Amino acid sequence: MKVKVPCTCYAPVDFEYDEVVDLAQAPEAANQIMAGSFMEVKCPKCGKALHPEFPFTVKHEGKKIDIQFLPERMRDDYLRGTSKYCFKKDGRIVIGFPELAEKLKVINEGFDDRVIEVIKYYMVSKIEADQKPENEIRAFFECTDSAGNLVFQVLGLKDNEAAQLTIPKSFYEVCKVKTLAYQKSEPFCLFLSPPYISLLRISRVYEEITEPEKKPEPEQKG
Ligand SMILES: [Zn+2]
């Protein structure tokens with residue numbers, strides 16, 4: 001599909017994208033998605049790299065991949081149930097490029113995406129309890145290390161900075177058992193029912209649930 005997208009310099013930029021991306025025919029697309037360079041277009045006027053988001057489907061029949069991508073701007077519509085897109089129950093939905101990149105990394109490693117979300121549930125709950133962060137914490141599976149442990153990127157702990165958290169492989173196995181046993185019970189069913197399997201379905205408003213704390217003002221440096 002051909003569209004024009006506005007650059008931050010206000011120049012209209014020609015952009016063309018496929019509504020169906022078949023990874024069997026375009027295997028390089030998977031690497032671009034995971035590297036964050038997929039659907040990148042450069043503004044011919046100012047040279048800025050843009051990442052326009054439009055709905056499309058990622059498929060690979062042999063690998064049983066069937067993912068509907070929704071732009072971040074459609075998140076609220078989808079969560080409210082007012083999205084005009086219809087979804088297959090056995091497929092998957094992701095919202096925004098970080099979720100799409102993560103989903104492909106999870107599939108590449110041979111992990112169950114539901115187990116990954118359950119790990120995140122425990123991880124984010126612990127961070128909330130220990131650190132009472134002001135921002136929403138978002139965690140994304142990144143890769144496995146040489147010992148097979150799971151490495152996650154965690155956003156929201158510090159402004160504009162991602163922290164890395166490594167989860168032991170043994171915890172994956174623990175969460176796998178829990179997932180299979182409790183996926184239909186709360187709280188797991190709130191974010192494990194297909195097609196949108198994501199902890200981000202549970203919205204968290206920290207200002208309302210955390211106790212107001214009096215902290216001394218940090219000293220100004222410099
Ligand atoms: Zn521009």
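**Two cores and a three-stranded sheet**

Modeller: This is a predicted model. Its largest nonpolar core has 20 residues, and those that touch the most other members are Ile-33, Phe-69, Val-94 and Leu-100.

Colleague: Which elements give two or more residues to this core?

Modeller: Two helices and three strands are on that list: α1 (27-35) and α3 (97-108), plus β6 (56-60), β7 (65-70) and β8 (92-95).

Colleague: And which domains does the core draw from?

Modeller: Domain 1 (1-108) and domain 2 (110-203) each supply at least three residues.

Colleague: Back to Ile-33. What is Ile-33 in contact with, leaving aside neighbours within four places in sequence?

Modeller: Phe-38, Leu-100, Ala-101 and Leu-104.

Modeller: There is also a second, separate core, with 15 residues, including Ile-116, Val-118, Phe-141 and Leu-199.

Colleague: New topic, the sheet. What is the order of the strands?

Modeller: The order is β9-β10-β11, in an open sheet of three strands with antiparallel pairing.

Colleague: Which are the edge strands?

Modeller: β9 and β11 (161-167), since each of these pairs on one side only. From one strand to the next, the twist averages 30°.

Colleague: What do strands of a sheet pair through?

Modeller: Backbone hydrogen bonds, and the strands may be parallel or antiparallel.

Colleague: How many bridges join β9 to β10?

Modeller: Six, between β9 (residues 138-144) and β10 (residues 150-158). As an example, Phe-140 has Gln-153 in β10 as its bridge partner.

Colleague: And how many join β10 to β11?

Modeller: Seven, and that pair runs antiparallel. Lys-158 stands opposite Glu-161 of β11.

Colleague: What packs on the sheet?

Modeller: Helix α4 does, touching β9, β10 and β11. The direction of α4 makes about 125° with that of β9.

Colleague: How many residues are between the strands in the hairpin of β9 and β10?

Modeller: Five residues lie between them, and in this hairpin Gly-148 takes a positive phi near 85°.

Colleague: Last one, helices. At what angle do α4 and α5 pack?

Modeller: About 105°, with the axes of α4 (residues 113-131) and α5 (residues 169-182) 9 Å apart. Angles of 65 to 115 degrees count as roughly perpendicular, so α4 and α5 are roughly perpendicular to each other.

Colleague: Which residues make the contact?

Modeller: From α4, Arg-114, Val-115, Val-118 and Ile-119. From α5, Phe-171, Tyr-172, Cys-175, Lys-176, Lys-178 and Thr-179. Val-118 came up earlier as a member of the second core.

Methods. Residues numbered from 1 in each chain as written. Predicted model: local features only at pLDDT ≥ 70, side-chain atom pairs only at ≥ 80, totals over all residues. Pairing = 2+ DSSP bridges. Helix = DSSP H or I, 4+ residues; strand = E, 2+ residues; numbered from the N terminus. Core = buried A, V, L, I, M, F, W, Y, C linked by C-beta atoms within 7 Å. Buried ≥ 20, exposed ≤ 12 C-beta atoms within 10 Å, placed from the backbone. Domains from an automatic or database assignment. Contact = placed C-beta atoms within 7 Å. Axes fitted to C-alpha atoms, helices over the stretch in contact; angles between N-to-C directions. Parallel < 35°, antiparallel > 145°, perpendicular 65-115°, else oblique.
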